[in-house]
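Reader: I would like to take a close look at one part of this protein, namely the way its nonpolar and aromatic side chains are packed. Could you walk me through that part slowly?

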Amino acid sequence: LPSLALVGVRALPSSSIDWTGSVLNDSGYSYIYGTGGGNLYVARVLGTDLTVPWTYFNGSSWTSDVSTANPIERYVETGHLGLTKVSGAFGTAYALISMHSYTKPQVVVASFSCSPVGPFSPQQTIYVPPEQSTYPSIDGIRTYDAHAHPELSTTSNTLVISYNVDPAVPRGLANPDASIYRPRFIDVTLQ
């Protein structure tokens, strides 16, 4: 694709928070989610330009000081999450979709809130990926990186969710079965 070119690189704000969790555009703001120390944090900017100064949620208001950011949720994973606004017969909610990638079995979980900053409901398992039992255990299959895709959903009460599958051991990486290392998509009905 010769028309692609690097526009630029800009450093994220310096902190112990990994701000690569998810981005949600809602009501004129871009909410940026990050993880650190087993917690989920949120920052935001007005509009969609992430190069302008960020503000951070401190539990009750927005501040320009990242060191005062307070967690909005206990979150033990390392950035494998997606946050999206969903609508249905239940009204409008914010769905936090994540994956317990390092537990057995690896599961896709969801929790919901009336606000992009929480509080969120307790996590509910919504899907157990079958790949760990489908492929031989020697392949070391793991599933990870669940994300919601409302733009692919066909009705207001369904949500398309993707997750990735990876052969996590050297034998798996040499496996000639190319169907292992690719994303999977599921439809979830919201009630």
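Author: In this predicted model, Ile97 touches His80, Leu81, Gly82, Val108, Val109, Ala110, Ile126, Ala146, Ala148, Leu159 and Ile161, leaving aside residues up to four places away in sequence. Ile97 is also one of the residues with the most contacts inside the largest nonpolar core, which has 19 residues, and Val86, Val108, Ala146, Leu159 and Ile161 are listed with Ile97 in that role. The elements that give two or more residues to this core are strands E8 (91–100), E9 (107–113), E11 (141–149), E12 (158–167) and E13 (183–189). A second core, separate from this one, has 14 residues, including Tyr31, Tyr33, Tyr75 and Tyr94.

Turning to the aromatic rings, the structure holds 7 aromatic pairs. In one of them, the ring centres of Trp19 and Trp54 are 5.8 Å apart and the planes stand at 90°, so this pair is edge-to-face. Because Trp19 lies in strand E1 (residues 18–26) and Trp54 in the loop between strand E3 (39–46) and strand E4 (55–57), the pair ties together parts that are 35 residues apart in sequence. Trp19 is buried, at 5% relative accessible area, and Trp54 is buried as well, at 7%. Trp54 also pairs with Tyr56, with ring centres 6.4 Å apart and planes at 45°, so that pair is tilted; Tyr56, too, is buried, with a relative accessible area of 4%.

Elsewhere, ring pairs link Tyr29, Tyr31, Phe57 and Trp62 into a cluster, and Arg44 lies over the face of Tyr29, at 3.9 Å from the ring centre. Arg142 lies over the face of Tyr144, at 4.5 Å from the ring centre.

Conventions:
Residues numbered from 1 in each chain as written. Predicted model: local features only at pLDDT ≥ 70, side-chain atom pairs only at ≥ 80, totals over all residues. Heavy atoms only, no water. Core = buried A, V, L, I, M, F, W, Y, C linked by side-chain atoms within 4.5 Å. Buried < 20%, exposed > 50% of the residue type's maximum accessible area, 1.4 Å probe, protein only. Helix = DSSP H or I, 4+ residues; strand = E, 2+ residues; numbered from the N terminus. Contact = heavy atoms within 4.5 Å. Phe/Tyr/Trp six-rings, centres within 6.5 Å; stacked < 30°, edge-to-face > 60°. Lys NZ or Arg CZ within 6 Å of the ring centre and 35° of its normal.
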